[in-house]
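Please open the structure in your viewer and keep the sequence panel visible. The tour below proceeds by selections, each followed by a description of what is to be found there.

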Amino acid sequence: MSTVSLSFDDGVARLTLDRPEAANAIDAGLSRDIRDAVIAIERAPSVGAVLLTGNGKMFCGGGDLKSMSESDDLPTLVENITIDFHAAVSRLARLDAPVVAGVHGAAGGAGMSLVAAADLVVAGESTVFRMGYTAAGLAPDGSSSFYLARVVGLRRAMELALTNRPLDAATAEAWGLVNRVVPDDDVQAEAESLARKLASGARTALAEAKRLLLLGATSALEEAMERESLAIARTAGTADAAEGVRAFIEKRKPVFGG
């Protein structure tokens with residue numbers, strides 16, 4: 001995996017896009033490496049959170065239009081890129097571990113799709129977000145047609161996709177695309193702190209909460225509540241639930257097993 005870096009520490013898997021010379025733009029190699037990194041995270045023991053960041057001046061500038069311009073079969077190239085990229089996004093969504101994105105500089109196109117697909121997002125105050133696909137004559141990808149409207153609402157998603165309106169970090173926070181905005185120099189530390197906090201939490205409960213919210217977005221009410229009944233019963237039988245209830249009664253901070 002030459003275009004990403006992956007490390008594990010204290011229950012946190014750190015996945016960093018690592019094509020800084022190309023603004024971490026998604027090409028065939030990077031899409032494949034992201035997919036392989038997520039598969040490695042799936043197979044790793046005791047991962048309680050994923051921290052997704054980008055090396056260099058930008059989180060991710062989007063698709064690599066330079067490599068696309070050099071292709072003699074662009075439809076086949078972009079389809080193959082999306083097959084790997086979409087496999088990565090799908091696996092990230094289905095990980096038990098929450099995914100925290102630390103975003104700086106810019107998140108465009110596929111980079112913005114990754115932001116929308118993350119579970120929690122910390123952004124630097126100068127970060128700019130822009131869909132950009134239709135400005136290049138392309139349709140959106142990377143799960144943005146699924147997540148973006150759910151995150152910001154249909155009207156705003158339409159505006160972002162059709163007009164390619166850039167969003168500054170403050171507006172992205174107000175619209176719900178990111179959870180918190182911090183000074184640029186604090187993005188890594190804040191995102192790291194959030195990932196560590198999640199990794200030290202009640203992991204089965206966090207996994208069930210993530211799964212319920214993802215499925216509930218497209219479920220009938222009764223289906224969602226049936227899943228909730230089964231999930232809360234499953235979590236009630238865990239050591240973390242026993243510790244959480246006991247800590248509440250004893251008025252202390254719980255210590256979960258992780």
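A residue is called buried when its relative accessible area is under 20%. The model is predicted, and the selections below should be read accordingly.

**First selection: strand E4**

Select residues 99-103, which form strand E4. How many of the residues of this strand are buried? Five of the five are, so E4 is largely enclosed by the rest of the structure. Display the side-chain directions next: Val99, Ala101 and Val103 point one way from E4, whereas Val100 and Gly102 point the other way. Both sets are buried.

**Second selection: the strands paired with E4**

Add strand E3, residues 49-54. E3 and E4 pair in the parallel sense over three bridges. To locate this pairing, centre on Leu51, whose bridge partner in E4 is Val100.

Now add strand E6, residues 120-124. E6 and E4 run parallel and are joined by four bridges. Val100 again serves as a landmark, since in E6 it stands opposite Leu120. Of the five residues of E6, four are buried, so this strand too is largely enclosed by the rest of the structure.

**Third selection: from E6 to E9**

Extend the selection to strand E9, residues 180-182. E9 runs parallel to E6, with three bridges between them. Which residue of E9 is the bridge partner of Gly124? The partner is Val182.

**Fourth selection: helix H5**

Move to helix H5, residues 144-152, and highlight its buried residues: Ser144, Tyr147, Leu148 and Val152. Viewed down the helix axis, these buried residues fall within an arc of 100 degrees, so they line one face of H5. The general background is that an α-helix has 3.6 residues a turn, so residues three or four places apart point the same way.

Show the surroundings of that face. The buried residues of H5 pack against helix H3 (74-94), helix H4 (110-117), H6, helix H7 (169-175) and helix H9 (203-216). Just after H5, select Gly153, which takes a positive phi of about 100 degrees.

**Fifth selection: helix H6 and a surface patch**

Continue to helix H6, residues 154-163, and pick Leu154 within this helix. Is Leu154 buried or exposed? Leu154 counts as exposed because its relative accessibility is 54%, the cut-off for exposed being over 50%. Finally, switch to a surface representation and select Leu154, Met158 and Leu162: together they make a nonpolar surface patch of about 320 Å².

Notes:
Residues numbered from 1 in each chain as written. Predicted model: local features only at pLDDT ≥ 70, side-chain atom pairs only at ≥ 80, totals over all residues. Heavy atoms only, no water. Patch = residues over 30% accessible without salt bridge, like charges linked within 9 Å, V, L, I, M, F, W, Y side chains within 5 Å. Areas by Shrake-Rupley, 256 points an atom, 1.4 Å probe, with all protein chains shown as cover. Salt bridge = Lys/Arg side-chain N within 4 Å of Asp/Glu carboxyl O. Helix = DSSP H or I, 4+ residues; strand = E, 2+ residues; numbered from the N terminus. Buried < 20%, exposed > 50% of the residue type's maximum accessible area, 1.4 Å probe, protein only. Arc of directions from axis to C-beta. Contact = heavy atoms within 4.5 Å. Pairing = 2+ DSSP bridges.
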